[in-house]
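Please read the following note beside the sequence and the model. The points are numbered so that each may be checked in turn.

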Amino acid sequence: MTGVVGEDLSGVIASAAAGDDHAFSRIVAAYHDDMRRVCAFVTRDEALAEEAVQAAWSTVWHKLGAVRQPERIRPWLVSIAVNQARDLLRKGRRRSEAELLANARNVMAGVDPATGIDSLDLLAAMDRLDPEDRALIAMRYVLGFDATELAAAIGLSPPGTRARLARILGKLREELGHG
Amino acid sequence: MVEWDAAGVDAFERQVADVARRVIGPSRPVDALAIAQSVVGSASPRVPRPRVTASTLRPWRWRTLLTAVLLVALALITLVGGLLLTGSAPTTPPVGDDDVVALLPVEIPARIPHGVVDTPIGRARWAFLTWDPSNLPAPLRSMPGPAGLLWFDGGGQSTACEEPGKVRCRARPQLWASADAISERVEQTLPVVAEEAMLTPLDGTWWLGTYRPTTLWRSTDAETWEPLDLGALISPGPADLDWEVRLGEPATSGGATVVPVVYAARDGGRLLGRPDLGSFVRPERSTSGTYRVQEDTQGGYVDVGEVRIEETATGLRFSDVTGNPIATLDGADRDLIEAWETTGTIVDYNVALVEGGAVSPVDLPGPPLYDHSDDGPTLFGSNSGFHAFKSATDGTIRTWRSSDGRTWTEGAPLGDSEGEPRDAYYIETRPGWDGPAAVVAVRMDDEAQRSVSWESADGVSWTPGMDLSYACHALRIGDRWLCSSEDEDWSTSMDGESWEPAPTLSQVHWKGHILGSGSLGPKWVIGTTLFYAVHVREPGGGTRQRDLWVLEFEGGET
């Protein structure tokens, strides 16, 4: 699992909370990219994602002292970043669908033989999901969060999280005609 | 980084993961020290943030206690005077459906799975109704009717159908009546054929609002419908636009009835030089100061042109990039354009007061309600009058009050202060302990990072509830209480104050659920009978409420 490898996580968090910017930088080093990647999928805009994560770190810096479950810090951090990204999107700073598709340079068009679905169609369908749902997709399928981590990140119980993920996938399947 | 474990994942999920990873791209190196120093250097001194407390939290919000650990944790929180403190016991039952008592007949046919279960609040008979077009046609949502039950489906949903050449059909609004929960239903003729409809019982009157066409009807027997004249419903927005009207859920207070109204322009394309696109178009500001014209293809926006939009003394002027005029729109300003760009639609709102056989529009005071959603205001009728709520673009919730539904005053927005909801996903009303409660679901931005519902019985004082996933959605069963969480853990209470788990209910329910092989749907109570719809996956994709779990408790007066 991503983390502050080889160190006492509680100790690092406590040091950072006490004002040790080197300890804080270890936390940043361990989790910044996870946060950025999820935000990049939520916003589909690298600059916006970086802005969201930067804002998230400011929030984190002020709240580190409130962390009571160090083992949950990763979903906690990601959820703060997602909230920042969602706020930026809500303020109207979202890209058009055309821009989103134009930015999909890493996604190759083409039908997946196993599903019969064109990857660009799938991406377009995912772009139409709510930001919260896109965040859940990214946390699950990009960061590899398990149900417990997802639950900690989105504020649902693990069964509720599984149900919500299933609903999102069902929505995508339905939209894409994948029975 | 943890690699995603593909075990137990189907091809579709693998493709989802693959596409998500590709679009995000690879990991990047991080200059962590620079980021950390930037944050620390620019940060203001850490100041402990006051916690939101809930000293008036009602005890039933405690009920879904998943494990003994959670019970202990919550007890500890209470002991240290932390987040959640219990309040007084409910004194008045919620607005109920008290006229119907026995909804399961004494003899239940053998073909319907049924049985008896003992619970902490008494014995209950249950039946599981699996969808069968001959005896249990959709819809499944029931409400008390003049002679038993009414079952209403608002339509609009895409569902599997048998029409030649069609895989998916839109369900049409339907109304059925039956003597009890399992007897054959008889379809009632609705007064109009519409795409969608909403049926709301309020103080002995059923209100039927339809969409496409937009109509409003009322009835005291759910058979004979009186039409309401909607001719006076005129959008408060620019008069030159072609507005389509949509009605929301009505509310009643002091004998008056008010309906929220949403107006959506059908001809936005005309303003942008593309009248053929109707409402499926929006402007998007470009870096050069002009606006790109974007067609909503229902599969995404496609750039189809460019226009200039300028403010004039009377409104807005639209022209092409060479300056040739396209259209003007008096009575509008940049706010309309910004809202149109954000939402993809031109919408405006007000409310309407029912007076005699007609409805009269009543403007909510203050600036236009353009915002990021196309939901109308949510109305809430309390003992002291009406309240209206509407999310604003900055995350606050605008509020209005009226004692008679005719004269409204705008109050301070919610969400500017601690202890108030903001960033609402949705605003709704539902039965509370002391009558209707306005409910706002929000995601808190503090360290809790959880979805939380807020409630108000008077539209003024707000109480934060628990995490929605753990929240008890209390159901009054006669003079007892029943709650279930999203996780389907059931609790019961004899007094609404002390709660205990009711595992036998979960067992019975899951028996039914296995039979239904679907997902969970809404639940509601009529008298002493609990109804629990089960969504069933359809062959053509999607789900539909087609199974129903009915649980009728013995004894107790409603």
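1. Which residues have the most contacts inside the largest nonpolar core? In this predicted model, they are A:F24, A:I27, A:W57, A:L64 and A:I137, and the core has 69 residues. Helix α2 of chain A, residues 21-43, gives the most to this core, with 12 residues. As background, nonpolar side chains in soluble globular proteins tend to be buried together.

2. One of these core residues, A:I137, deserves a closer look. Leaving aside neighbours within four places in sequence, A:I137 is in contact with A:F41, A:M126, A:L129, A:V142, A:I168, A:L169 and A:L172, and also with B:V16 of chain B. Apart from the core of A:I137 lies another core, of 34 residues; among them are B:L233, B:L241, B:V259 and B:L277.

3. Helix α7 of chain A spans residues 131-141 and is mostly covered, since 10 of its 11 residues are buried. The buried residues of α7(A) include A:I137, together with charged residues such as A:E132, A:D133, A:R134 and A:R140.

4. The next point concerns chain B as a whole. The secondary structure of chain B comes to six helices and 37 strands. Of its 558 residues, 51% are buried. The accessible surface of chain B comes to about 24600 Å², and carbon and sulfur atoms account for 53% of that surface. When contacts in chain B between residues at least 6 apart in sequence are considered, 50% join residues at least 24 apart.

5. In chain B, five strands form an open sheet in the order β16-β17-β18-β19-β20, with antiparallel pairing. The edge strands are β16 (281-285) and β20 (325-330), each of which pairs on one side only. On average, and with direction ignored, neighbouring strands of this sheet are turned by 35 degrees against each other. Helix α5 of chain B, residues 334-343, packs on the sheet and touches β16, β17, β18, β19 and β20; the direction of α5 makes about 110 degrees with that of β16(B).

6. Within this sheet, β16(B) and β17(B) (residues 291-296) pair in the antiparallel sense over five bridges. For B:E284, the bridge partner in β17(B) is B:R292.

7. Two hairpins of chain B may be read side by side. In one, strand β21 (residues 347-355) and strand β22 (residues 358-362) run antiparallel and are joined by five bridges. B:V354 has B:V359 as its bridge partner in β22(B). Two residues lie between β21(B) and β22(B), and B:G356 in the turn has a positive phi of about 65 degrees.

8. The other hairpin is formed by β23(B) and β24(B), with two residues between them. Five bridges join β23(B) to the antiparallel strand β24 (residues 385-391), and B:F380 stands opposite B:H387 in β24(B). Is β23(B) enclosed or open? Five of the five residues of this strand (378-382) are buried, so β23(B) is largely enclosed by the rest of the structure. Both of its faces are covered: B:T378, B:F380 and B:S382 are buried on one side, and B:L379 and B:G381 on the other.

9. The charged pairs form the last topic. Side chains of opposite charge can pair when their charged atoms come close. A search of the whole structure finds 26 salt bridges over all chains. One of them joins A:R44 to A:D127, with the closest N and O atoms 2.5 Å apart. A:R44 lies in the loop between α2 and α3 of chain A, while A:D127 lies in helix α6 (residues 119-127), so the pair ties together parts that are 83 residues apart in sequence. Both A:R44 and A:D127 are buried.

10. Further salt bridges occur in chain B. B:R218 pairs with B:E226, the closest N and O atoms being 2.8 Å apart; B:E226 is partly exposed, at 35% relative accessibility. B:R317 and B:E310 also meet in a salt bridge, at 3.6 Å from N to O. In that pair, B:R317 is partly exposed with a relative accessible area of 38%, and B:E310 counts as partly exposed at 34%. Finally, a network of salt bridges links B:E195, B:R212, B:D242, B:E244 and B:R266.

Notes:
Residues numbered from 1 in each chain as written. Chains lettered and ligands numbered in written order. Predicted model: local features only at pLDDT ≥ 70, side-chain atom pairs only at ≥ 80, totals over all residues. Heavy atoms only, no water. Pairing = 2+ DSSP bridges. Helix = DSSP H or I, 4+ residues; strand = E, 2+ residues; numbered from the N terminus. Axes fitted to C-alpha atoms, helices over the stretch in contact; angles between N-to-C directions. Contact = heavy atoms within 4.5 Å. Buried < 20%, exposed > 50% of the residue type's maximum accessible area, 1.4 Å probe, protein only. Areas by Shrake-Rupley, 256 points an atom, 1.4 Å probe, with all protein chains shown as cover. Core = buried A, V, L, I, M, F, W, Y, C linked by side-chain atoms within 4.5 Å. Salt bridge = Lys/Arg side-chain N within 4 Å of Asp/Glu carboxyl O.
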